[in-house]
Amino acid sequence: MFRFVVKYLGFLKSVPAFPLLFESFLMLWTFVTRPMLLDFIDDIRKEVLKWPGTSVSMHKYGGVQFNHGGKEIGHIHGNGVLDILLSRSLKAQLIAEGLANPHHVFAKSGWISFYICTERDKASALDLLHLSYSKICFSN
């Protein structure tokens, strides 16, 4: 469903409140079909907020966005898709090692997508977010 909406209805992201409405639907669907995933997302949010200088906000296309120093570390959609912007070389390395996937929309960019499904994925998601966090912290 997520991929269908992004692929065929992505133009609706510019409609005011549509991303928020869609994100609410995703979270409701996740609550019904995979309630533990919402716990994983909440655990990730709590852990990232422990890192110095981090904050959370609503991502412009829905989801929880993690920030540091005015820059986005990454964001998680209500269905467990974690998106992170990294360097293209690091992205290529992570994909080659099977630790991430090309971004679900912007495959040729520096963005990666990681699909959180299990407790183990939660730990991997935190590792990926920490890579981005470290990149931002050390580039300032």
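**Note on helices α2, α3 and α5 and their salt bridges**

1. K122 and D43 form a salt bridge in which the closest N and O atoms are 2.8 Å apart. This pair ties together distant parts of the chain, since K122 belongs to helix α5 and D43 to helix α3, with the two positions 79 residues apart in sequence. The model is a predicted one, and the distances quoted in this note should be read with that in mind.

2. How do the two partners stand with respect to solvent, buried or exposed? K122 counts as buried, because its relative accessibility is 14% and the limit for that class is under 20%. D43, by contrast, has a relative accessible area of 32% and is therefore partly exposed.

3. K122 has a further partner, because the side chains of E119 and K122 also meet in a salt bridge, at 2.9 Å from N to O. E119 and K122 are 3 residues apart in helix α5, which means that about one helical turn separates them. An α-helix has 3.6 residues a turn, so residues three or four places apart point the same way. E119 is itself partly exposed, with a relative accessible area of 46%.

4. Across the whole structure, the search finds 5 salt bridges. Besides the pairs that involve K122, there is a salt bridge between K50 and E47, where the closest N and O atoms are 3.7 Å apart; with the cut-off for such a pair set at within 4 Å, a reader may wish to look at this one individually. K50 is exposed, at a relative accessible area of 61%, whereas E47 is partly exposed, at 30%. In addition, D42, R45 and K46 are joined in a network of salt bridges.

5. Helix α3, which runs over residues 35-48, has 14 residues and reaches 21 Å from its first C-alpha to its last, close to the 20 Å expected at 1.5 Å a residue. Which of its residues are buried? They are L37, L38, F40, I41, I44 and V48. Seen down the axis of α3, these buried residues fall within an arc of 160 degrees, so they line one face of the helix.

6. The cover over the buried residues of α3 comes from several elements, including the helices α2 (18-33) and α5 (119-139) as well as the strands β1 (54-58), β2 (64-68) and β3 (71-76). Helix α5 therefore appears in two roles here, as part of the cover over the buried residues of α3 and as the element that holds K122, the salt-bridge partner of D43 in α3. Also in helix α5 is H130, which is partly exposed, with a relative accessible area of 34%. H130 and V48 are 82 residues apart in sequence, and their C-alpha atoms are 8.3 Å apart in space.

7. Helix α2 has 16 residues and reaches 22 Å between its first and last C-alpha atoms, close to the 22 Å expected at 1.5 Å a residue. Its buried residues are P19, F22, E23, L26 and T30. They cover an arc of only 100 degrees around the axis, which puts them on the same side of α2. The acidic residue E23 is listed among these buried positions, and a colleague setting up protonation states may want to note its place.

8. What does the face of α2 turned away from its buried side carry? It carries the exposed residues L21, L28, F31 and V32. Of these, L28, F31 and V32 make a nonpolar surface patch of about 330 Å². L28 lies in helix α2 and counts as exposed because its relative accessibility is 51%, while the limit for that class is over 50%.

9. Two further positions complete the picture. T33, in helix α2, is partly exposed, with a relative accessible area of 40%; T33 and D127 are 94 residues apart in sequence and 26 Å apart in space, C-alpha to C-alpha. M58, in strand β1, is partly exposed at a relative accessible area of 48%. Leaving aside neighbours within four places in sequence, M58 is in contact with L20, G63 and Q65, and the C-alpha atoms of M58 and H75, which are 17 residues apart along the chain, are separated by 8.8 Å.

Conventions:
Residues are numbered from 1 along each chain as its sequence is written. This is a predicted model: local features need pLDDT of at least 70, side-chain atom pairs count only at pLDDT 80 or more; totals for chains, interfaces and linings use all residues. Side-chain values use heavy atoms; hydrogens and water are left out. Helices (H or I, at least four residues) and strands (E, at least two) are DSSP runs, numbered from the N terminus. The expected span of a helix is 1.5 Å times one less than its number of residues. Buried means under 20% relative accessible area, exposed over 50%, partly exposed in between (1.4 Å probe, protein chains only). The arc is that of the directions from the helix axis to the C-beta atoms. Contact means heavy atoms within 4.5 Å. Patches are made of residues with over 30% relative accessible area and no salt bridge: like charges are joined within 9 Å, nonpolar side chains (Val, Leu, Ile, Met, Phe, Trp, Tyr) within 5 Å. Accessible areas come from the Shrake-Rupley method with a 1.4 Å probe; for residues, only the protein chains shown count as cover.
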